[in-house]
Amino acid sequence: LTRPDREDDRVRQMEAVNAHTGPVMLAHPPLADAEAEYAEITKQAPDFAVTAEDGIGHESWSISDPDRIERLRRAFDKVSALYIADGHHRCAAASRVAARRRAANPSHNGDEPYNDFLAVVFPSTELRILGYNRVVLDLGGLNNAEFLARLAEIYQVAPSPAAVSPARPHEAGMYLDGRWYRINPNQEPPSGASLVSRLDITVLAQRILEPILGIGDPRSDSRIEFVGGGRGLEALERRVDSGAA
């Protein structure tokens with residue numbers, strides 16, 4: 001469920017430079033055996049260390065001991081699934097580029113570089129997942145009061161003196177007309193509902209975006225945009241205060 005415009009951009013970029021320029025970020029459940037190996041490896045001085053212009057330090061260690069490599073390989077054999085934490089568009093675009101090149105290569109054998117893409121893998125315990133916020137460019141013909149009235153029919157809407165970061169599942173923060181609100185659905189999703197239908201993004205789409213704002217497909221509707229959590233809630237305030245959203 002990627003955004004087609006961003007996916008298309010990635011495809012064009014890969015084709016133009018004939019390379020993958022950034023890895024897909026993958027996560028997996030913790031692996032005790034691998035963690036023990038990492039702890040031993042990182043007791044040594046790193047092979048590479050640099051502090052970038054943004055002040056963030058990066059260190060890396062290379063692993064050449066065949067026995068250690070085999071132990072890590074066995075540890076990762078226990079991983080039944082990898083989860084994309086960041087890079088859905090890169091992954092989808094890589095798949096499209098590979099399909100094109102397979103179709104254009106009569107000698108395709110599966111060993112070509114286009115069959116693979118770059119990835120970096122982290123245990124879930126070492127990741128901090130940031131919000132991925134939605135901004136809507138208009139209220140679908142409603143004024144602020146009408147929108148709040150419609151929302152109050154299905155959500156508990158409480159004004160907040162400070163910016164709101166959700167504290168529990170299905171809760172959301174909303175910034176409208178210079179004011180923050182904490183909103184919670186009056187009804188939780190049915191306990192027997194599928195996992196996907198219980199996700200916050202699904203609840204938001206099915207209860208607010210589509211029925212109240214008329215945004216049927218967030219992937220392609222030009223009236224909705226996305227702001228990464230790394231920019232902070234202030235970025236949302238600026239978009240709204242400027243009148244752009």
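Which residue forms a salt bridge with Glu 225? It is Arg 239, and the closest N and O atoms of the pair are 2.6 Å apart. The views below come from a predicted model.

**View 1. Glu 225 and Arg 239 link a strand to a helix.**
Glu 225 sits in strand S10, while Arg 239 belongs to helix H8 (residues 233-241). The two parts are 14 residues apart in sequence, so this pair ties them together. Glu 225 has 30% relative accessibility and counts as partly exposed. Arg 239 has 23% and also counts as partly exposed. Side chains of opposite charge can pair when their charged atoms come close.

**View 2. Arg 223 and Asp 138 tie two loops together.**
These residues form a salt bridge, with 2.7 Å between the closest N and O atoms. Arg 223 lies in the loop between H7 and strand S10 (224-228). Asp 138 lies in the loop between strand S6 (132-136) and H5. The parts joined here are 85 residues apart in sequence. Is Arg 223 buried or exposed? Its relative accessibility is 18%, and buried means under 20%, so Arg 223 counts as buried. Asp 138, at 33%, counts as partly exposed.

**View 3. Glu 40 and Lys 43 meet in a salt bridge.**
The N to O distance between these side chains is 3.1 Å. Glu 40 counts as partly exposed, with 37% relative accessibility. Lys 43 reaches 61% and counts as exposed. How many salt bridges does the structure hold? The count is 16.

**View 4. Strand S6 shows two faces.**
Side chains alternate along S6. Asn 133 and Val 135 point to one face and are buried. Tyr 132, Arg 134 and Val 136 point to the other face and are not buried. S6 runs antiparallel to S10, and 5 bridges join the two strands. Look across from Arg 134 to find Phe 226 in S10, standing opposite.

**View 5. The largest nonpolar core has 16 residues.**
Which members touch the most other members? They are Phe 147, Leu 151, Ile 183, Ile 208 and Leu 213. Four elements give two or more residues each: helix H5 (144-152), strand S8 (172-176), strand S9 (179-185) and helix H7 (200-209). H7 supplies the largest share, with 4 residues. Now follow Leu 151. Not counting residues up to four places away in sequence, Leu 151 touches Val 157, Met 174, Ile 183, Ile 208 and Ile 212. Another core lies apart from this one. That other core has 8 residues, among them Val 135, Val 164, Ala 235 and Val 240. In soluble globular proteins, nonpolar side chains tend to be buried together.

**View 6. His 170 has a positive phi without being a glycine.**
Its phi is about 75°. Where is His 170 found? It is in the loop between strand S7 (155-160) and S8. His 170 counts as buried, at 7% relative accessibility.

**View 7. Asp 177 also has a positive phi, and is not a glycine.**
Here phi is about 55°. Asp 177 lies in the loop between S8 and S9. Asp 177 is exposed, with a relative accessible area of 60%.

**View 8. His 89 in helix H4 touches residues from early in the chain.**
Helix H4 covers residues 88-104. His 89 counts as buried, with 13% relative accessibility. What does His 89 touch, not counting residues up to four places away in sequence? The contacts are Thr 2, Arg 3, Arg 6, Glu 7 and Arg 10.

**View 9. Val 97 is a buried residue of helix H4.**
Its relative accessible area is 7%. Leaving aside neighbours within four places in sequence, Val 97 is in contact with Val 11, Met 14 and Glu 15. Compare Val 97 with Gly 110. The two are 13 residues apart in sequence and 14 Å apart in space, C-alpha to C-alpha.

Methods
Residues are numbered from 1 along each chain as its sequence is written. This is a predicted model: local features need pLDDT of at least 70, side-chain atom pairs count only at pLDDT 80 or more; totals for chains, interfaces and linings use all residues. Side-chain values use heavy atoms; hydrogens and water are left out. A nonpolar core is a set of buried Ala, Val, Leu, Ile, Met, Phe, Trp, Tyr and Cys residues joined through side-chain atoms within 4.5 Å. Buried means under 20% relative accessible area, exposed over 50%, partly exposed in between (1.4 Å probe, protein chains only). Contact means heavy atoms within 4.5 Å. A salt bridge is a side-chain nitrogen of Lys or Arg within 4 Å of a carboxyl oxygen of Asp or Glu. Two strands pair if DSSP finds at least two bridges between them.
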